[in-house]
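Q: Could you take a close look at one part of this predicted model for me? I'd like one strand picked out and followed through its surroundings.

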Amino acid sequence: MQPRNMSMSGVVDLAAVKAAQEAKAKAEQARAEAARQGGGGAVTPASLVIDVDEAGFELDVLQRSTEVPVVIDFWAEWCEPCKQLSPLLERLAVEYNGRFVLAKIDVDANQMLMQQFGVQGIPAVFAVVAGQALPLFQGAAAEAQIRGTLDQLVQVAEQRFGLTGLTVDADGGADGSPVAREVPAGPYDALLEAAVQALDAGDFGGAVQAYKNVLSDDPGNTEAKLGLAQAELLQRVQGLDPQKVRRDAAEKPGDVAAQIAGADLDLVGGHVEDAFGRLIDTVRRTAGDDRDAVRVRLLELFEVVGADDPRVVAARRALARALF
């Protein structure tokens, strides 16, 4: 099985939005607590690669993931591909200089962890970020592919959870325990935090404005673009009557507004393929301004889910076929 890109760029339903926000808040609380307890030291390169067992998993992986992404390498002594992949991951952990920590888990000695992660074969590589487990890839892989996956992991951990990694002291020092380095607040942190608080309070209009304020100065801000797409979707469905929307969408296949509202509701409910399929079918049945309105809404929903999601990739191809 070849490595697959992680789909971490977007969330779909309300529960997923809330879970991501809660994970970020917990990560921030953990870093603040570490700072109060005298954090701020450096770690040695050797401490970036650790052996983990079931007894130490909570401390070494879950708690540590609130400070830095933890990449998990499931391996075994008898596994030939592991003998190629594991040294490569160890070298990259040192090369990335504290942007992630590599946790090595021997599956023969830790069957419970293997089962909990649903590992079907080894080598298998996962990540834990702010307490959330993410599958990365299974099987041997080319170094370039692994680097691409790690780059995306590091980017998402920093942009969505504020995990900027650890300070590494090449000369040793400290006691080898990882402590997050102090990083100045970014210029848009206050606005992004205001947007998250508005989402928590159900003030979707306020969240939309907060994200737009960031994008007016920084159009390429990934977190703000994702947040804006989500907030606008939630704002659109806030006052809808779900039963009426679903009834209208079913009874009026030619009604563009009904199909667009139905797709919004599908997506908020986590029915991604249904939302995309509904709009693509509507594109096939319409023309002119109606078709353009449906196409634009579909592109907006792609933003909510994330460009790297395989469902978006497939829907883009289907949209192209419907248009041309």
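A: One cut-off first: buried here means under 20% relative accessible area. With that in hand, let's go for strand β2, residues 70-75 of this predicted model. Six of its six residues are buried, so β2 is largely enclosed by the rest of the structure. In a regular strand the side chains alternate between the two faces of the sheet. For β2, both faces are covered: V70, I72 and F74 are buried on one side, and V71, D73 and W75 are buried on the other.

Now for the strands it pairs with. β2 runs parallel to strand β3 (residues 101-106), and six bridges join the two. One bridge to look at is W75, whose partner in β3 is D106. To get from β2 to β3, the chain passes through helix α3 (residues 80-95), and this β-α-β crossover is right-handed. β2 is also joined to strand β4 (residues 124-129), this time antiparallel, through five bridges. Here V71 has A127 of β4 as its bridge partner.

A couple of β2 side chains are worth clicking on. The ring of W75 has the charged end of K104 sitting over it, 5.1 Å from the ring centre. F74, meanwhile, belongs to one aromatic cluster with F57, F117 and F126. The structure holds six aromatic pairs, and F117 with F126 is an edge-to-face one, 5.2 Å centre to centre with 70 degrees between the planes. Both of those partners are buried too: F117 has a relative accessible area of 15%, and F126 comes in at 12%.

Terms used:
Residues are numbered from 1 along each chain as its sequence is written. This is a predicted model: local features need pLDDT of at least 70, side-chain atom pairs count only at pLDDT 80 or more; totals for chains, interfaces and linings use all residues. Side-chain values use heavy atoms; hydrogens and water are left out. Buried means under 20% relative accessible area, exposed over 50%, partly exposed in between (1.4 Å probe, protein chains only). Helices (H or I, at least four residues) and strands (E, at least two) are DSSP runs, numbered from the N terminus. Two strands pair if DSSP finds at least two bridges between them. A crossover is right-handed if, with the strands pointing away from the viewer, the path from the first strand over the helix to the second runs clockwise. Rings of Phe, Tyr and Trp (its six-membered ring) pair if their centres lie within 6.5 Å; planes under 30 degrees apart count as stacked, over 60 as edge-to-face and the rest as tilted. A charge sits over a ring if NZ of Lys or CZ of Arg is within 6 Å of the ring centre and within 35 degrees of the ring normal.
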